[in-house]
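Trainee: Could you walk me through one part of this model in detail? I would like to see how a single helix sits among its neighbours.

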Amino acid sequence: MDDPTGHLISFEPDSPSRQRVRHAGGGENGTEGSPRTDDADRVRGTALDAPARAGVYEAIHLRRDVRAEFTGETVDESTLWRILDAAHRAPSVGNSQPWDFVVVRDPDRLAAFAAHVAEHRIAFRDGLPPERAAVFEPIKIEGIVESGTGIVVTHDDSRGGPQVLGRATVPETGVYSTVLAIQNLWLAATAEGVGVGWVSFYDPAFLSDLVGLPTGIRPIAWLCVGPVREFQTVPDLERFGWRSRRPLSAAVHHETFGTAD
Ligand SMILES: Cc1cc2nc3c(=O)[nH]c(=O)nc-3n(C[C@H](O)[C@H](O)[C@H](O)COP(=O)(O)O)c2cc1C
């Protein structure tokens with residue numbers, strides 16, 4: 001991309017080696033530091049040009065929670081790195097960046113997690129009234145082994161120290177930040193033709209143990225990540241009759257909550 005000002009900030013994601021030498025914001029681990037004033041930090045650009053803009057909306061519309069459409073191939077390293085780089089560029093309260101990503105590919109670990117999730121699937125089904133259990137039964141809720149790659153997204157509430165700017169009155173903003181990283185990851189993956197499926201049928205203690213999380217770091221999501229044959233146009237839960245999307249007009253309110261359009 002041309003940069004007449006010479007202040008270009010590259011769209012190319014940082015390579016692992018580059019990340020080791022570039023620490024935005026001072027301290028070694030993204031902790032406090034003196035303000036940065038060098039030219040590389042200057043802002044750039046406003047709206048995207050029309051094709052790029054269309055691409056953003058296309059990825060948003062195309063994005064699906066994927067369970068059954070994984071090809072069985074493994075996402076290649078450079079694509080995976082770009083996707084993780086997109087996740088790592090998410091906004092975060094106080095710039096605390098409370099997320100980490102554990103990439104899991106060991107077949108035994110994938111199989112162990114899949115078996116654990118299968119147990120929780122059964123437990124959930126058994127707690128449903130019979131008519132809902134019948135709707136739920138054919139719905140696939142994970143592609144852990146087929147995707148070939150699991151990404152455990154974790155959250156560290158202590159990241160950023162005791163005074164996280166903006167979190168004082170709304171403590172959940174920490175977790176919101178980690179979830180935004182997931183959404184960035186999801187959209188970038190979609191743009192790359194890589195499917196993502198969020199799995200939450202697990203006991204957090206089991207998953208923490210499976211991937212060796214230290215005390216204080218908790219799992220927020222297991223994401224199944226892998227190339228896909230296609231993206232469904234309608235969410236699985238809608239196709240299988242579990243629950244449909246609401247129209248936007250039902251979700252938008254004006255002035256007070258009581259006045260949905
Ligand atoms: C926090 C969260 C947890 C989810 N957990 C699961 C899950 O355990 N299994 C599953 O099949 N889908 C899971 N999903 C995917 C949702 O079912 C899916 O996003 C929703 O049905 C809408 O479909 P779409 O993402 O394809 O638009 C989860 C999504 C979110 C945001």
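**A close look at helix α7**

Mentor: Happy to! The buried residues of α7 are Gly 174, Ser 177, Thr 178, Ala 181, Ile 182, Leu 185, Trp 186, Ala 188, Ala 189 and Thr 190. Keep in mind that this is a predicted model. Helix α7 covers residues 173-191. Its 19 residues should span 27 Å at 1.5 Å a residue, and the end C-alpha atoms are indeed 27 Å apart, so the two values agree. After α7 comes Gly 193, with a positive phi near 75°.

Now for the neighbours. The buried residues of α7 pack against two helices, α2 and α3 (77-88), and against the strands β1 (99-104), β2, β3 and β4.

Take α2 (residues 50-62) from that list: its 13 residues reach 18 Å from first C-alpha to last, close to the 18 Å expected. Helix α2 is hardly covered, with a count of zero buried residues.

Strand β4 (residues 217-227), another partner of α7, is mostly covered, as eight of its 11 residues are buried. Strand β4 pairs with β2 (residues 150-156) in the antiparallel sense over seven bridges, and there Gly 150 stands opposite Cys 224. Strand β3 (residues 194-199) also pairs with β4 in the antiparallel sense, over six bridges, with Gly 195 opposite Gly 226.

One last stop is the ligand. Among the residues surrounding the ligand are Trp 198, Val 199, Ser 200 and Phe 201. The residues of this shell divide into six nonpolar, one polar and four charged.

How values were computed: Residues are numbered from 1 along each chain as its sequence is written. This is a predicted model: local features need pLDDT of at least 70, side-chain atom pairs count only at pLDDT 80 or more; totals for chains, interfaces and linings use all residues. A residue is near a molecule or strand if its C-beta atom, placed from the backbone, lies within 6 Å of it. Ala, Val, Leu, Ile, Met, Phe, Trp, Tyr, Cys and Pro count as nonpolar, Asp, Glu, Lys and Arg as charged, and the others, Gly among them, as polar. A residue is buried if 20 or more other C-beta atoms lie within 10 Å of its own, exposed if 12 or fewer, and partly exposed in between; C-beta atoms are placed from the backbone. Helices (H or I, at least four residues) and strands (E, at least two) are DSSP runs, numbered from the N terminus. Two strands pair if DSSP finds at least two bridges between them. The expected span of a helix is 1.5 Å times one less than its number of residues. Two residues are in contact if their C-beta atoms, placed from the backbone, lie within 7 Å.
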